[in-house]
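Here are a few friendly notes to read alongside the model. Please keep the viewer open as you go.

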Amino acid sequence: MATLVQIENLRKEFGNVRALDGVTFSVESGEWIAIMGPSGSGKTTLINILGGLDTPTSGQAVVDGTDVARLDEAGLTRFRAEKIGFVFQQFHLVQYLTALENVMLAQYFHSTTDEGEARVALERVGLADRIDHLPSELSGGEQQRVAVARALINQPKLILADEPTGNLDEANEQIVLRLFRELHTEGHTILMVTHAHSIGELADRRIDLAHGRLAHKV
Amino acid sequence: MMFGRLLWKMLRSNRGRLAVALVAVTSGAAVISALLNLQFDIERKLTREFRTLGANLVISRGNALQANGDSSATPGAFGSPTLMDQSVLGQIERMRTPDVVAEAPFLYVVARAADTPVVVAGTWLDQISKLDPTWKLGGEWITSREDEAQCLVGRSVAQQFNLAPGGQIELGYLGRTAKLRVAGVIDAGGTEDNQVFVNLPVAQSLANLRGPEGQIQFVQLSVNGTATSISNYAEKLASSLPAYDVRPIRQVTEAEGNLLAHTRLLILSMVLLILLLTALCVLATMAALAMERRADVGLMKALGGSMSRILELFLAEVSVLGAAGGLIGCVVGVALAEWMGRRVFGTSITPRWDVFPLTIAMMVGVALAGALPLRFLGKIRPAVILRGK
């Protein structure tokens, strides 16, 4: 397997606060990595840097041959559109767009929209009958499945999920986790931030962070 | 396709807040459209009104009119003996444009009627009603410039000689006489009330100036158009008639120019003020909207949306707002202009359709200017927004 993510001595400081302090690890293509640790340990900061939402203070974060730390604003925008699929704890769907349009929004910013493809993506996450519903008309689990469909629509190299089941009840959590298992089986590379050990155990590997440092690698 | 879909959804989702901005834009557009309609129509009407004040262009030989000491040169003014060959009338006729409403030569003779001196104005009687439409007439106008049997008399002359339409007057000058039927009595409210108006050949016969090379004193023209266009036409005539003095009658053209300039300045100031107020109102709405949309913009950025593509959407939204408000405002403005025209100026206003695109363009511009707060969306860091901080 080829290395998809290579992180070298990654540091991120917010003023006097050191969120990441010399983190180094790599992720092979097709791996499912669980990033764990207590609140404030730097999990989300790490995900944000890998997703091009934030820039490191120093160090390297290479994703699919691109060092995110060296990209300018326009480069980061293209990087996010082409290489990353995000799934957030809060779902982050546009409230005035239907499930279908939320998926198509990612296509729109990537290149061109294809309604047929967007429909297939929603059918795949089990929302064939909820395509024209607004987020406010969907349950939490359904909204998260829309977010997963949106993350997958542009066939990203890396799926970054920040507590994707953190806001779901157990039934919906299982549905979403089953989706992630399927994605993993299909060869997608997933980096998932989670507090839950049960979810962490589903991953190929677990990376524990504490005070911005790598505490443990399993 | 997706752009239009997103735009439609954005407009629908914020209709409450956008409605406030739409009301502001519509109100601004309505007042601006009304003012512009008034401005254009009143300019046209004033120009027409000024034409009713009489001739506005005089062609004479040299300083003939100034020698008379009356630069207004109203019909009936008795000029100096400087005469012009009437062949000039042919030259003027060849240069006539559709804006020339009336044209008439003048030759004045101080004749006698019942041993009393009376000013006789020889002219083209078929033109004088058009040359000065404010004149009132008791009786009938004379519609032929060849009619040598009839005349028109001023109100004072009619009183002095006890004349009425259908009566007779005999004019004499240096032994030559003309016996004429009075077709009508003119009430001009000026010196013309003391004159007798006859066709040019009659006056020329009395003055012994008739013939193929008949003489006249000056020519008056009533020309439609703005002060500038009349001056331009005068210059054109002057260059073709170098032996003659062609000049606009200043009182009329300057008064017209001054009034129009003041009206234009007033309306322009009001339009600018309204544009500013509308922009401020849109600005306040868009500032609130920009705050509400921070989360959406953060998400769009996270999905790989460049700021230019995101702003494209928002700017299209305000453009639609400006265009819609402008269009509705224009329609309301036409009604408002009509109402203002009747109530304030006592006249109906003819809508000018070119005001529509002008107003809509201004409103789109104002809406875009009011969308300045949206540029702060460019500073949004998606990581911060998506974490809800």
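1. Two residues count as in contact when their C-beta atoms, placed from the backbone, lie within 7 Å. By that rule, and leaving aside neighbours within four places in sequence, L50(A) touches V5(A), A61(A), V63(A), V68(A), L160(A) and L191(A).

2. A word on the source: this is a predicted model, where local features need pLDDT of at least 70, side-chain atom pairs count only at pLDDT 80 or more, and totals for chains, interfaces and linings use all residues. Residues are numbered from 1 along each chain as its sequence is written, with chains lettered from A and ligands numbered from 1 in the order in which they are written.

3. L50(A) also appears in the largest nonpolar core, which has 114 residues; I35(A), L50(A), V103(A), L122(A) and L191(A) touch the most other members. Such a core is a set of buried Ala, Val, Leu, Ile, Met, Phe, Trp, Tyr and Cys residues joined through C-beta atoms within 7 Å (buried: 20 or more other C-beta atoms within 10 Å of the residue's own, the C-beta atoms being placed from the backbone). Another core, of 58 residues, lies apart from it and includes L107(B) and Y233(B).

4. Now the meeting of the chains: chain A brings 24 residues to the contact and chain B brings 21. On the side of chain B that touches chain A, α1(B) gives the most, with six residues. Helices here are DSSP runs (H or I, at least four residues), numbered from the N terminus.

Technical notes: Helix = DSSP H or I, 4+ residues; strand = E, 2+ residues; numbered from the N terminus. Buried ≥ 20, exposed ≤ 12 C-beta atoms within 10 Å, placed from the backbone.
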